[in-house]
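The following report describes a protein model for a reader at the bench. Please consult the sequence and structure displayed below.

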Amino acid sequence: MTIYAPTTFADRTLLPRSLIKRPRRTYTATYTFNISQLVMFAGTTWTVVHRSPTTNGHQIYSLFRPDDIRPFRVVLGRALAAAPSDPAEADRLYKVYLAGLRKQRREDRIRSLLVRQRGSAGA
């Protein structure tokens, strides 16, 4: 006959790992740089357009620089430094990024409408 006894704190190591409650780590995001702030990366000035935390507490930033071969970069926060910034210049670069984003969305909408029209014309 099998008898099950309730486990206490002392014998919790006898339980399988999946049943042991472990405290979850929670990280609070404290960002070093703000969105639309100018930062230095690899000796050039970039604009922060997005930021997000990782599961282990690091910071990931999406950077934008117009007229560059690769205008978007995703970088860890520790690789960045604050740039001596002019707020007007930071706003101008961020508005360039937003205008490009709107233009891309508009082109995508037009492209999807054309595809739908072609699809309905063939039916």
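S36 is buried, with a relative accessible area of 18%; buried means under 20% relative accessible area, exposed over 50%, and partly exposed in between, with a 1.4 Å probe and protein chains only. This residue lies in the segment before β1. The phi of S36 is near 75 degrees, a positive value in a residue other than glycine. Most residues other than glycine have a negative phi.

The model is predicted: local features need pLDDT of at least 70, side-chain atom pairs count only at pLDDT 80 or more, and totals for chains, interfaces and linings use all residues. Residues are numbered from 1 along each chain as its sequence is written, and side-chain values use heavy atoms, with hydrogens and water left out.

**Overall architecture**

The secondary structure of the protein comprises one helix and five strands. Helices (H or I, at least four residues) and strands (E, at least two) are DSSP runs, numbered from the N terminus. In that direction the elements follow the order β-β-β-β-β-α. Of the 123 residues in the protein, 18% are buried.

**The sheet**

The five strands form an open sheet in the order β4-β3-β2-β1-β5, with antiparallel pairing. Its edge strands are β4 (72-76) and β5 (81-82), each of which pairs on one side only. Two strands are taken to pair if DSSP finds at least two bridges between them. Three of the pairings are set out below.

| Strand pair | Bridges | One pair of bridge partners |
|---|---|---|
| β1 and β5 | two bridges | M40 and A81 |
| β1 and β2 | four bridges | V39 and W46 |
| β2 and β3 | six bridges | P53 and Q59 |

Strand β1 covers residues 38-41, and strand β3 covers residues 59-64. The hairpin of β1 and β2 has two residues between the strands, and A42 takes a positive phi near 55 degrees there. A42 is not a glycine, and its place is in the loop between β1 and β2 (44-53). At 70% relative accessibility, A42 counts as exposed, whereas S36 is buried. In the hairpin of β2 and β3, five residues lie between the strands, and G57 has a positive phi near 95 degrees.

**The helix and its charges**

Helix α1 spans residues 87-121 and contains K103. Which residues gather in a patch of positive charge on the surface? They are R102, K103, R105, R106 and R109. Patches are made of residues with over 30% relative accessible area and no salt bridge; like charges are joined within 9 Å, and nonpolar side chains (Val, Leu, Ile, Met, Phe, Trp, Tyr) within 5 Å. Lys and Arg count as positive, and the place of a charge is taken as NZ of Lys or CZ of Arg. Within this patch, K103 is partly exposed, with a relative accessible area of 45%.

The structure holds one salt bridge, defined as a side-chain nitrogen of Lys or Arg within 4 Å of a carboxyl oxygen of Asp or Glu. R111 forms this salt bridge with D108, and their closest N and O atoms are 2.9 Å apart. Because the two residues are three residues apart in helix α1, R111 and D108 are separated by about one helical turn. R111 is partly exposed, with a relative accessible area of 49%. D108 is also partly exposed, at 37%.

Conventions
Areas by Shrake-Rupley, 256 points an atom, 1.4 Å probe, with all protein chains shown as cover.
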